[in-house]
Amino acid sequence: MKVNIGVEIGAKFIQAGIVDKYGRLLARTKVQSKCERGLSEIVEDAANLIRQLLSDKDLELRSVKSIGVACPGVPDEENSKILKTYILGLYNAPIKDELKRHFANIPIYVENDAHCAAIAESAAGAAEDLDYSITINIGTGISGGVIIDNRLYTGLNNAGAVLGHMVIDKNGRKCSCGRNGCFETLCSARALIEDTRTAAEKNPESLIWKVCENDLGKITELTAYEAMTLGDETGKEIFRCYVDNLAVALTNLANILMPEVIILCGGITGLGEELLKPVREKMHGWVYSRETTLPALKLSEMGSASVLVGAGMLAAYKKK
Ligand SMILES: [Zn+2]
């Protein structure tokens, strides 16, 4: 049996998984990242995880077709380094070269983690059997990936498809990228929590206080919605604004790329149709070609396996 290996280097854990050609995760394991260490130690841990997985599954090294490494940040044009990742504090990190010291004869690719998640949805998740999809992860920030014609689209120098830094409101909140009002400064979990907290402070009568048990530190991305369901006007207004901004961003993406499906993941998507339905309704009124079939709006199907699976499928989605 031929398999691929996916590796995910994240802020908390280094993970490795065995992925078959259908995008199924056959086994996975992890250790703590301890990001303050040097790159070679982090990569050595990844190499040890790979060896352990193969041995557990009675597989030899020669059955591994490729290794994909997913990491936050921007890869170089050769998919061999991560040029910068704020989360891990890596700059010009030669991940491929370091891993080659352990696995000299196996093709290795390095790619942004959100791009890998998009591959996973395309290969075996909510965009399976579709050629055009966009997957967006709504976390502390917003990241995503674009699949065009069953290939990962990353543009010139692999530096494109940075979906979280599309400006929605140029007079909006300052973004880490230097501009104002980016998609992620309006629609990330962090933004929603901050908006909910500010609104609670301005409105002492709001039921947000009840939901968070009078502790603003307990506010999550779901608090405004929960207050709204109790009949709270402040919560309703925050949620309405959130849906509006999300629909603006997704309409922009639909107008430019017109994928067959847009897939959302992240904590806020726990609301399911309660979130998707109002966003979809707005998009149906806004997308330029609304007379034609519009992109479906769906939840992620790959869950916590998405980045590992996508990393394992990188070789297939990179091949020309
Ligand atoms: Zn930005």
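This is a short presentation on the fold, the core and a few individual residues of one protein chain.

Good morning. Please keep in mind throughout that the model is predicted. I shall begin with the overall form, continue with the domains and the core, and then turn to strands and single residues.

The protein contains 11 helices and 13 strands. Its radius of gyration is 20 Å, close to the 20 Å that the globule rule gives for 320 residues, so the protein is as compact as a globular protein of that length. Along the principal axes, the C-alpha atoms fill a box of roughly 65 × 45 × 35 Å. Of the 320 residues, 46% count as buried. As for contacts between residues at least 6 apart in sequence, 62% of them join residues at least 24 apart.

The chain is divided into two domains: domain 1 covers 3–112 and domain 2 covers 133–301. Their centres, taken over C-alpha atoms, are separated by 30 Å.

How do these domains relate to the largest nonpolar core? That core has 94 residues, and the members that touch the most others are Ala-46, Val-69 and Ile-119. Helix α8, residues 233–257, supplies the largest share, 10 residues. Both domain 1 and domain 2 give residues to this core, so the core lies between them. As general background, nonpolar side chains in soluble globular proteins tend to be buried together.

Ala-46 deserves a closer look. Leaving aside its neighbours within four places in sequence, Ala-46 is in contact with Val-7, Ile-9, Ile-14, Ala-16 and Leu-99. Two of these names, Val-7 and Ala-16, return in the next part, where they are bridge partners.

I turn now to strand β1, residues 3–9. Is this strand mostly covered or mostly open? Seven of its seven residues are buried, so the description as mostly covered applies to β1. Both faces are involved: Val-3, Ile-5, Val-7 and Ile-9 are buried on one side, and Asn-4, Gly-6 and Glu-8 are buried on the other. Strand β1 is joined to two strands that I shall describe in turn. With β4, residues 64–71, it runs parallel, and six bridges join the pair; Gly-6 has Gly-68 in β4 as its bridge partner. With β2, residues 13–19, the pairing is antiparallel, again over six bridges. In that pairing, Val-7 is matched with Ala-16 of β2. The connection from β1 to β2 is a hairpin through three residues.

The next element is an open sheet of five strands, with the order β11-β10-β9-β12-β13 and mixed pairing. At the edges stand β11 (151–153) and β13 (296–299), each with a single partner strand, so one side of each is left without a neighbour in the sheet. On average, neighbouring strands of this sheet are turned by 25 degrees against each other, direction ignored. Which helix packs on this sheet? Helix α3, residues 113–124, does so, touching β9 (133–138), β10, β11 and β12 (261–265). The direction of α3 makes about 45 degrees with that of β10. Strand β10, residues 142–148, is itself antiparallel to β11 and joined to it by three bridges. Within that pairing, Ile-148 stands opposite Arg-151 in β11.

Finally, some individual residues. Most residues other than glycine have a negative phi. Against that background, two residues may be noted. Asp-58 is not a glycine, yet its phi is positive, at about 55 degrees. Asp-58 is found in the loop between α1 (39–56) and β4, and it counts as exposed because it has 7 C-beta neighbours inside 10 Å. Asn-157 also has a positive phi, near 60 degrees. The loop that holds Asn-157 runs between β11 and α4 (183–187). Is Asn-157 buried or exposed? Asn-157 is exposed, with 12 other C-beta atoms within 10 Å, and the cut-off for that class is 12 or fewer.

My last residue is Glu-44, in helix α1. Glu-44 has 17 other C-beta atoms within 10 Å and is therefore partly exposed. Its C-alpha atom is separated by 7.9 Å from that of His-102, although the two residues are 58 apart along the chain.

To close, I return to the core: it draws residues from both domain 1 and domain 2 and lies between them. Thank you for your attention.

Methods:
Residues numbered from 1 in each chain as written. Predicted model: local features only at pLDDT ≥ 70, side-chain atom pairs only at ≥ 80, totals over all residues. Helix = DSSP H or I, 4+ residues; strand = E, 2+ residues; numbered from the N terminus. Rg over C-alpha atoms; globule rule 2.2 N^0.38 Å. Buried ≥ 20, exposed ≤ 12 C-beta atoms within 10 Å, placed from the backbone. Contact = placed C-beta atoms within 7 Å. Domains from an automatic or database assignment. Core = buried A, V, L, I, M, F, W, Y, C linked by C-beta atoms within 7 Å. Pairing = 2+ DSSP bridges. Axes fitted to C-alpha atoms, helices over the stretch in contact; angles between N-to-C directions.
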